[in-house]
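Please look over the model shown here with the notes that follow, which take up two helix contacts and then a pocket.

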Amino acid sequence: MRKENTNDTEQTDTEREQTLSCPECGSESLVSDTEHGETVCDDCGLVVEENEIDHGPEWRAFNSSEKDQKSRVGAPTTNMMHDKGLSTNIGWQNKDAYGRSLSSRQREKMQRLRTWNERFRTRDSKERNLKQALGEVDRMASALGLPDNVRETASVIYRRALDDDLLPGRSIEGVATSALYAAARMAGTPRSLDEITSVSRVEKDEIARTYRYVVRELKLEIKPADPEQYVPRFASDLGLSDESERRARQLLKNAKEQGVHSGKSPVGLAAAAVYAASLLTNEKVTQNEVSEVANISEVTIRNRYHELLEAEEQVQLP
């Protein structure tokens with residue numbers, strides 16, 4: 001019995017390997033033709049599989065509104081909403097299913113339903129807390145231009161802090177801001193503490209203090225911010241070319257080799273590298289423009305600028 005099972009396993013593994021490559025020419029570039037239900041080799045044109053099952057919908061839609069109307073499933077669950085998106089939302093448009101306006105009596109009825117629906121969605125103080133905090137996370141992330149994956153991570157961090165009872169003695173806005181700051185760094189799209197403070201409703205010192213507390217208590221593994229992670233955003237805001245961006249990255253790599261980055265603000269180093277690279281590639285940008293984009297002083301840019309050029313000279317020496 002064991003030998004038979006072993007042989008069956010070997011056969012299935014062999015069949016799986018054959019399906020990943022073309023049996024005619026051995027190429028692995030197989031293309032799925034969903035229209036005809038076939039898998040075709042892109043090199044020799046052999047039809048490897050046919051009569052495949054179409055897992056897509058049986059209906060067609062030609063615009064987004066038709067797609068929403070014909071779809072028979074709801075939105076996916078998400079941690080960015082306090083109820084994970086599983087509850088019912090009553091739209092604000094006072095229209096029926098056919099697009100006709102509701103009468104005054106029906107509008108009053110729908111308004112009462114919306115009010116009760118909001119009350120039922122937050123059953124206790126914990127859910128009200130979560131709703132307020134996730135609203136803050138969404139507002140700040142939108143203002144900072146952070147992607148959905150950062151918002152999702154920040155929502156998970158806040159939920160963990162709430163479950164571990166870390167909120168007593170701290171404001172909801174402070175913990176929410178700290179969660180977003182940590183999530184941005186974990187996702188490799190960091191924002192400086194000054195940028196976070198500019199969109200938050202709490203002071204910089206409170207954010208920093210709460211951030212250290214949350215990271216320590218939840219044992220989050222967050223690496224120190226890399227100056228190179230700020231370069232693409234600064235270069236894009238200043239309208240610099242790809243060549244300037246590459247030059248700025250090279251300056252920062254040389255600085256790391258010489259140990260210049262140790263103990264320095266990554267935002268200051270990134271801003272100085274972008275400024276230096278713009279001068280080296282004849283795309284002159286003023287220190288004031290870089291200062292406004294990076295939200296740091298011109299003095300810091302000048303100091304880091306000289307240090308970066310010195311490190312560049314040290315690397316080029318034989």
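1. Axes are lines fitted to C-alpha atoms, for helices over the stretch in contact, and angles run from 0 to 180 degrees between N-to-C directions. Helices are DSSP runs (H or I, at least four residues), numbered from the N terminus. This is a predicted model, in which local features need pLDDT of at least 70, side-chain atom pairs count only at pLDDT 80 or more, and totals for chains, interfaces and linings use all residues. Residues are numbered from 1 along each chain as its sequence is written, and side-chain values use heavy atoms, with hydrogens and water left out.

2. The axes of helix α4 (residues 125-144) and α6 come within 9 Å and cross at roughly 50°, which makes α4 oblique to α6 (angles under 35 degrees count as roughly parallel, over 145 as roughly antiparallel, 65 to 115 as roughly perpendicular and the rest as oblique). Among the residues in contact (heavy atoms within 4.5 Å) are N129, Q132 and A133 of α4 and I172, E173 and A176 of α6.

3. Helix α10 (residues 242-258) packs against helix α13 (residues 298-316) at an angle of about 75°, their axes being 8 Å apart, and so α10 is roughly perpendicular to α13. The contact includes R247 and L251 of α10, together with L308 and A311 of α13.

4. The largest pocket (an open set of points on a 1 Å grid over the protein atoms alone, where a 1.4 Å probe fits, with protein on both sides within 12 Å along at least five of seven lines) holds about 330 Å³ of space, the volume being that filled by probe spheres set on the points, which are joined across faces, edges and corners. Of its 19 lining residues (those with an atom within 4 Å of a point), Y181, R185, A225, Y230 and P266 are the closest to its centre.

Key. Helices (H or I, at least four residues) and strands (E, at least two) are DSSP runs, numbered from the N terminus.
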